[in-house]
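Here is a short note for someone opening this structure for the first time. Please keep the view at hand while going through the points.

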Amino acid sequence: MSLQSLSLIENWPVPTAAAAAVRADGTVLGSHGPTGHRFPLASVTKPLAAYAVLVAYEEGAIELDEPAGPAGATVRHLLAHTSGLAFDEHRAMSAPGERRLYSNAGFEVLGDHVAKATDIPFAEYLRQAVLAPLGMTATTLDGSPAKDGVSTVDDLVRFAAEVQAPRLLDSRTVAEAMTVQYPGTKGVLPGYGHQNPNDWGLGFEIRDSKSPHWTGTTSSPGTFGHFGQSGTFLWIDPTAGLACVALTDRAFGPWALEAWTPFTDAVLAEAGRAA
């Protein structure tokens, strides 16, 4: 079968778009558009980077609760956007654990921390730890681990299947990554305003009861993933047993606020009928 709902990307006001949906067992339920086209990921880079950090943790190179970043902060704080670092500056705005301050700088600190611990440049560590084992040959990190990944829908489908049925990590580590860290923490979800609470796991944003949100109105509270300012997203809905990737080459804006939620609802509905 092929999900007809994926063709809704044809109606998006973007020059180029591609999308696919994949089950936990790796079955691709459908795809639409140029799934081999390489798109800038923007912040959809972060889940890939976080997965590499978790591999470093399982390899014993780092610990989640060891110091990293500003005084009092840990690797866990950085992954969960609670280190206190500013959005794009290596400057502390609050004490660790107090607020959910979404931070590109925090992921850059993470990349440097892993590189120092492993004596491997972070982009190369990501390639060795995640990209190569999953066959993600079209994916590269060309700068910041917060936002400078480039990939294809075909490659991200491989990653989405891995997260749903982990082979590179212990399933308990992935379960921790999709579990709320520092519950009850308030913060701003970029593009969607203040959220109380603004729940995050380890490198993945968790939907819970956030409103408004970039996933669907029918997405389960356990849905987790990330979207990017380059008009990209990846969500995984464990209740539905489904993940979806959509990549575009138009910057996030009002068009995405209008298009993404009904798209996700349609994909979930059709996949549910097909189950």
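1. A term comes first. A residue is called buried when its relative accessible area is under 20%, exposed when that area is over 50%, and partly exposed in between. With that in hand, look at strand 9 (224-228). Strand 9 is mostly covered, and five of its five residues are buried. Bear in mind throughout that this is a predicted model.

2. Which way do the residues of strand 9 point? Phe-224, His-226 and Gly-228 point one way. Gly-225 and Phe-227 point the other way. Both sets are buried. In general, side chains of a regular strand alternate between the two faces of the sheet.

3. Strand 9 has partners to check next. Strand 8 pairs with strand 9 in the antiparallel sense, over two bridges. Here Glu-205 stands opposite Gly-225. Strand 10 (residues 232-237) also runs antiparallel to strand 9, and five bridges join them. Phe-227 has Phe-233 in strand 10 as its bridge partner. In general, the strands of a sheet pair through backbone hydrogen bonds.

4. How many residues lie between strand 9 and strand 10 in their hairpin? There are three. Gly-231 sits in the turn, with a positive phi of about 80 degrees.

5. Positive phi also turns up away from glycine. His-81 is not a glycine, yet its phi is positive, about 60 degrees. It belongs to the loop between helix 2 (75-79) and helix 3 (104-118). Tyr-182 is not a glycine either, and its phi is about 55 degrees, again positive. Tyr-182 is placed in the loop between helix 6 (171-177) and strand 6 (187-189).

6. Are these two residues buried or exposed? His-81 has a relative accessible area of 2%, so it is buried. Tyr-182 has 24%, so it is partly exposed.

7. Trp-200 deserves a close look. It is found in the loop between strand 7 (193-195) and strand 8 (205-206). Trp-200 counts as buried because its relative accessibility is 2%. Its C-alpha lies 5.8 Å from that of Ala-80, although the two residues are 120 apart in sequence.

8. What does Trp-200 touch, beyond its neighbours within four places in sequence? Its contacts include Ala-80 and His-81, Arg-100 and Tyr-102, and Thr-179, Val-180 and Gln-181. Glu-205 and His-226 are also among them. The His-226 contact leads back to strand 9, where His-226 is one of the buried residues. Within its own loop, the side chain of Trp-200 makes a polar contact of 3.5 Å with the side chain of Asn-198.

9. Two cis peptide bonds should be inspected. One joins Asn-196 and Pro-197, with omega about 0 degrees. Pro-197 lies in the loop between strand 7 and strand 8, and Trp-200 is found in that loop too. Another cis bond runs from Ser-211 to Pro-212, with omega near 0 degrees. Pro-212 is in the loop between strand 8 and strand 9.

10. Now the interior. The largest nonpolar core has 55 residues. Leu-79, Val-130 and Phe-159 have the most contacts inside it. Helix 1 (residues 45-58) gives the largest share of this core, nine residues. Apart from this core lies another, of 29 residues, with Ala-17, Leu-29, Trp-200 and Leu-268 among them.

11. Take Phe-159 as a way into the larger core. Leaving aside neighbours within four places in sequence, Phe-159 is in contact with residues including Pro-47, Leu-48 and Tyr-51. Val-130, Leu-134, Met-136, Phe-204 and Leu-234 are among its contacts as well.

12. Helix 1 also packs on helix 3. The angle is about 35 degrees, and the axes are 11 Å apart. The crossing is left-handed. Lys-46, Ala-49, Ala-50, Val-53 and Ala-56 of helix 1 meet Asn-104, Phe-107, Leu-110 and Val-114 of helix 3.

13. One more sheet remains. It is open, has three strands in the order 3-5-4, and pairs antiparallel. Strand 3 (39-42) and strand 4 (140-141) are the edges, each pairing on one side only. Three bridges hold the antiparallel pairing of strand 3 with strand 5 (residues 149-151). Among the partners, Pro-40 is matched with Val-150 in strand 5.

How values were computed. Residues numbered from 1 in each chain as written. Predicted model: local features only at pLDDT ≥ 70, side-chain atom pairs only at ≥ 80, totals over all residues. Heavy atoms only, no water. Pairing = 2+ DSSP bridges. Helix = DSSP H or I, 4+ residues; strand = E, 2+ residues; numbered from the N terminus. Buried < 20%, exposed > 50% of the residue type's maximum accessible area, 1.4 Å probe, protein only. Contact = heavy atoms within 4.5 Å. Polar contact = N/O pair within 3.5 Å; in protein donor to acceptor, adjacent residues only side chain to side chain. Core = buried A, V, L, I, M, F, W, Y, C linked by side-chain atoms within 4.5 Å. Axes fitted to C-alpha atoms, helices over the stretch in contact; angles between N-to-C directions. Left-handed = near helix turned anticlockwise from the far one by under 90°.
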